[in-house]
Amino acid sequence: MKIKDQRLFTYPVLANGRDDYKTCKFFAKATPHTTADAAGNLVFDVDLSTDCAEINRLIINGDAEYLFHVECPTTIYRKIFTNAVGKFSCKIPLSLVKDTLYLVAFIVLRRDVKNFFCADWNDDFDGLKFDLQRGSILAYKNFETLTLVEDPNLFKNVGSIFSIYRKLADDVPFEINLTTQKIKIGLNAKDYDLYRRYYANPTLQPILNAMIILPALVSIFAELKQDAQEHESDAWFSALKAVYGRQKLDFNKLLAEEDSLTLAQEVMGLPITGALQNIAQIVDTEDS
Amino acid sequence: MELCYLKGDALDTLKGSLDKTFDKYLTQRDNSWVIEVCGENPFVTFRDVPDFELAPLDAGLDVGEIDFRNSKILYKHLSFLTPRQAADERFWAGFCHGAFYDYVRRRWGYDKIDNLRGVNKDETIDKLRNRFFFDGGSREKLLTNTLSKYWWAGYVFSDAGLDALGSTDFYSKLFSIASRSFIGNENLRNGFVKFLKHFKDRGITLNREKHIQAAMIELNQVGGAVILDCLSADEVAEIMIAYVEKNSPPKKNVVFDTRTAKIK
């Protein structure tokens, strides 16, 4: 669920993208814990508040409450968490969700309310009062869609955001497919069979990564430099962004400023160096 | 029975090579070609479960009855799957290409294809993508794969809900209901089942478009004004029942009792 700012309400609603209220604000934060709890739950610390005296009065009287709405379309999961106090925690079992979570915070009515009025309303509502029914939205905030990444150790295990598959043809170039979860690389049948024979060998892995993953990433970064928005909700994009985030670097800024070859080498931790070192190790071992 | 899922790269290989392998699904009675195409054994054993059989395809059952029975059978035997696992394409593509390969082929009548003349390649590939793999939007793909739709029908509606839904026009009803976002909320889902049961208990069969769809549209309109999730199951049922009874009251099924020669 997402509430569109263009959505028409028959009464004033407090939200960032709307001007129904002149000065009042709805403050909303939802911070996920970086690791699941011992029971395998994804935990959110939710912190909601408003400086609107009339809405606060409704909350104190028990006529309104805070509500955190969580939806995962991939697993047909949808749940609300409600509270009379704005600070609370929500636990979502990871076994029930996958890929993406839509998160929205609300203040909603718990009971029907008559003659609802606020002095801070836009002049268009001058002199109006509203009778509202239970469940009516008084305030809302859409959060950025949360992408659930399967494996946090992305580049330690290349398989996590990349998937290499076998094409049926021989002697054709490798191809890249960008899906919502993974970057998929198709190798021709001969290449794939050789790749499968050697990919598990830890000495050969950096060499294979430099041969296959590096050019794929260069191509992907070139595409992202043209239009990153199209892929922003993809799991692999979030994963790439997180790699930079862990180094306190702004991914979008770097994308605009650096060339794709540099970006690809940086995100992989200078793969050519690692590959050449391992080639040297293999050859020197054979020579001795 | 050994349940196997497909390795991720094997899944990509099979899905990415449908333009070259589509004919195998139509002509090959066993799945040995799958290993050949993947260049290795693509299956990973997930779990052993007691043997079970899906609804017979050659016993004169109509498609709705087959789907209805299979939803009960499959969910009963695989209820240990978590929704996260059941939303994973590798599992269902693995079952469709592994233990249930022959069943899925026969379910779609591929065993009756004598030759490939007259087979539309693009159309067949589109269908294979839906039937043996996942294709489409987040919820839709769960409901189009031949086997995963049975599990999700069992998960969403439970046994009592499936009975209320009934086997008539089963898949159309399932798809139009389960592809709606509100069905994810347990209260709303239970309210919907109560609505179905209300009429079922009175011997009334609801029409998909005229009653079920229309009542869902009404509920959606209520959702334009309030957060639907705040409603209880009873309130959801009341809204839908009231709408149907007011706008297009369904008629009770007429049953002719051959023993008494009277209409019940």
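**Notebook: confidence, sheets, domains and the A–B contact**

I began with the confidence of this predicted model, and among the elements of chain A I found the lowest mean pLDDT, 80, in helix α4 (residues 235–246), while strand β3 (residues 64–72) has the highest, 96. I then noted that residues 151–159 of chain A fall below a pLDDT of 50, and that this stretch nevertheless has 11 contacts in the model beyond near neighbours in sequence. For chain A as a whole I wrote down a mean pLDDT of 87, with 95% of the residues reaching 70 or more.

Next I looked up the division into domains. Chain A is split into domain 1, covering 26–147, and domain 2, covering 158–287, and the C-alpha centres of these two domains of chain A lie 40 Å apart. I recorded that the contact between them takes 4 residues from domain 1 of chain A and 4 residues from domain 2 of chain A. On the domain 1 side of that contact I counted by class and found no nonpolar residues, 3 polar ones and 1 charged one.

I went on to the open sheet of chain A, which has 3 strands in the order β1-β2-β5 and antiparallel pairing. I asked myself why one side of β1 and of β5 is left without a neighbour in the sheet. I find that β1 (26–32) and β5 (87–93) of chain A stand at the edges and each have a single partner strand, so one side of each has no neighbour in the sheet. Neighbouring strands of this sheet are turned against each other by 20 degrees on average, with direction ignored. Following β1(A) to strand β2 (residues 41–50) of chain A, I see that the two run antiparallel and are joined by 7 bridges, and that A:Phe26 has A:Thr50 in β2(A) as its bridge partner.

I also followed strand β9 (residues 137–142) of chain A, which is mostly covered, as 5 of its 6 residues are buried. Strand β6 (residues 100–109) of chain A pairs with β9(A) in the antiparallel sense over 5 bridges, and I noted A:Val108 standing opposite A:Ile137 in β9(A).

Last, I turned to the contact between the chains, which takes 36 residues from chain A and 30 residues from chain B. On the side of chain A that touches chain B, at least two residues each are supplied by β3, β4 (77–83), β6, β11 (162–166), β13 (183–187) and α2 (189–198) of chain A. By class, I entered 17 nonpolar, 9 polar and 10 charged residues for that side of chain A.

Definitions and conventions:
Residues are numbered from 1 along each chain as its sequence is written. Chains are lettered from A and ligands numbered from 1 in the order in which they are written. This is a predicted model: local features need pLDDT of at least 70, side-chain atom pairs count only at pLDDT 80 or more; totals for chains, interfaces and linings use all residues. A residue is buried if 20 or more other C-beta atoms lie within 10 Å of its own, exposed if 12 or fewer, and partly exposed in between; C-beta atoms are placed from the backbone. Helices (H or I, at least four residues) and strands (E, at least two) are DSSP runs, numbered from the N terminus. Two strands pair if DSSP finds at least two bridges between them. Domain bounds come from an automatic or database domain assignment. Two residues are in contact if their C-beta atoms, placed from the backbone, lie within 7 Å. Ala, Val, Leu, Ile, Met, Phe, Trp, Tyr, Cys and Pro count as nonpolar, Asp, Glu, Lys and Arg as charged, and the others, Gly among them, as polar. Axes are lines fitted to C-alpha atoms, for helices over the stretch in contact, and angles run from 0 to 180 degrees between N-to-C directions. pLDDT is the predictor's confidence in each residue, from 0 to 100.
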